[in-house]
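This briefing is concerned with charged and aromatic side-chain contacts. Please read it alongside the sequence and the coordinates shown here.

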Amino acid sequence: VKAVAAVLGVAAVSLALVAWAVFVLGDRTVLVPPPEAVAEGFMRQLQTRRFEQARSYLARPAVRSAEGLRARLEALERAVGRIQDVRGRRGTVGSLDASAVADLTTADRARAEVAFSLRREHGEWRIADLDGLPLP
Amino acid sequence: VEPGHVAVRAVLGYLILLALVRVAGKRVVAEGTPFDFILALALGDMVDDLLWADVGAAKFTVAVATLTLAHTTVSWVQAASPAAARLVNLTPTVLLKDGELVPAGLHAERLRDGDVEALTRLRGIGREAWREVAAARLEENGMLSALLKPSARSAQRKDRSRARRR
């Protein structure tokens, strides 16, 4: 029982330290995934057709259905070709808003980019809108 | 990815894991069971996600603490209840009894007699010395334990004093 309590204690102290760094010191890129990592992660989920997982990267008002995300990806791939690789690139980082770009490489080695604006929700960056993705 | 940020995340992940493994007990890695080994691998994989900022430090902490907590709770329950221990643990398999191979044990562990020979050799027991082995078991951590017959054990102080009395 002592070991169980000790594990809980270590977890509580660690979470408190992380919360202090994020909410009091205002960390936005070290202990939380930075905007470019969020943009890259979101595009990788779309690229691998994991639309439900992709939804978890979106801010509240931007949350779309998995079908909506599929339609957006298909429209993008019709425009640029099948996506083979994704790299995130940082844009601007403010206290509550940020921007990032996902650099795409397609199957025929063409390059394209998708820009995202992000918003902080509960200390973490979320994609605020999908304006960078073409409409179906 | 900024090197300084990677360094901060690496130190944080290291410290959290160090603290958790320390309070969870020694079993997590050293001479552990196959499941202890799997847990250690899973924890290592989570550090990778933290290093490259695929997950935040809070989610990393929750994930590693939850796994460690589950493991610690199971260890505690099996220490308290033999029935739970039987359910959770692998059981040792007897490979040698009275110097003879136990075919059922070899079959259960998918071993050949050459494998048993290698395992006993690692314990300093050559094939010619098998006749001195009362029992050899493959323990749940994958190590071989061997119990020698009384005649083969080295003399202890009480044996010497018994001999002197005679």
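A salt bridge is taken here as a side-chain nitrogen of Lys or Arg within 4 Å of a carboxyl oxygen of Asp or Glu. By that criterion Lys59(B) forms a salt bridge with Glu124(A), the closest N and O atoms being 3.4 Å apart. The model is a predicted one, and a search of the whole structure finds 18 salt bridges over all chains, together with two aromatic pairs.

**The contact between chains**

- Lys59(B) belongs to helix H3 (residues 57-80) of chain B, whereas Glu124(A) belongs to strand S4 (residues 124-127) of chain A, so this salt bridge joins two chains.
- Lys59(B) is partly exposed, with a relative accessible area of 46%, while Glu124(A) has a relative accessibility of 13% and therefore counts as buried.

**Salt bridges within chain A**

- Glu40(A), Arg44(A), Asp85(A) and Arg87(A) are joined into one network by salt bridges that share partners.
- Arg89(A) and Glu113(A) form a salt bridge in which the closest N and O atoms are 2.9 Å apart; because Arg89(A) lies in strand S1 (residues 83-93) and Glu113(A) in strand S3 (residues 111-121) of chain A, the pair ties together parts that are 24 residues apart in sequence.
- Arg89(A) is partly exposed at a relative accessible area of 37%, and Glu113(A), at 53% relative accessibility, counts as exposed.
- Glu77(A) forms a salt bridge with Arg82(A), with 3.9 Å between the closest N and O atoms; here Glu77(A) counts as buried at 12% relative accessibility, whereas Arg82(A) counts as exposed at 52%.

**Aromatic contacts**

- The two aromatic pairs found in the search can be taken in turn, beginning with Phe42(A) and Tyr57(A), whose ring centres are 6.4 Å apart and whose planes stand at 55 degrees, so the pair is tilted.
- That pair links distant parts of the chain, with Phe42(A) in helix H2 (residues 35-47) and Tyr57(A) in the loop between helix H3 (51-55) and helix H4 (66-80) of chain A, 15 residues apart.
- Phe42(A) also pairs with Phe116(A), with ring centres 5.6 Å apart and planes at 90 degrees, so this pair is edge-to-face.
- Since Phe42(A) lies in helix H2 and Phe116(A) in strand S3 of chain A, the pair ties together parts that are 74 residues apart in sequence.
- Phe42(A) and Phe116(A) are both buried, and Phe42(A) has a relative accessibility of 0%.
- Phe42(A), Tyr57(A) and Phe116(A) form one aromatic cluster.

**A charge over a ring**

- Arg120(A) lies over the face of Trp125(A), at 5.9 Å from the ring centre.

Conventions. Residues are numbered from 1 along each chain as its sequence is written. Chains are lettered from A and ligands numbered from 1 in the order in which they are written. This is a predicted model: local features need pLDDT of at least 70, side-chain atom pairs count only at pLDDT 80 or more; totals for chains, interfaces and linings use all residues. Side-chain values use heavy atoms; hydrogens and water are left out. Buried means under 20% relative accessible area, exposed over 50%, partly exposed in between (1.4 Å probe, protein chains only). Helices (H or I, at least four residues) and strands (E, at least two) are DSSP runs, numbered from the N terminus. Rings of Phe, Tyr and Trp (its six-membered ring) pair if their centres lie within 6.5 Å; planes under 30 degrees apart count as stacked, over 60 as edge-to-face and the rest as tilted. A charge sits over a ring if NZ of Lys or CZ of Arg is within 6 Å of the ring centre and within 35 degrees of the ring normal.
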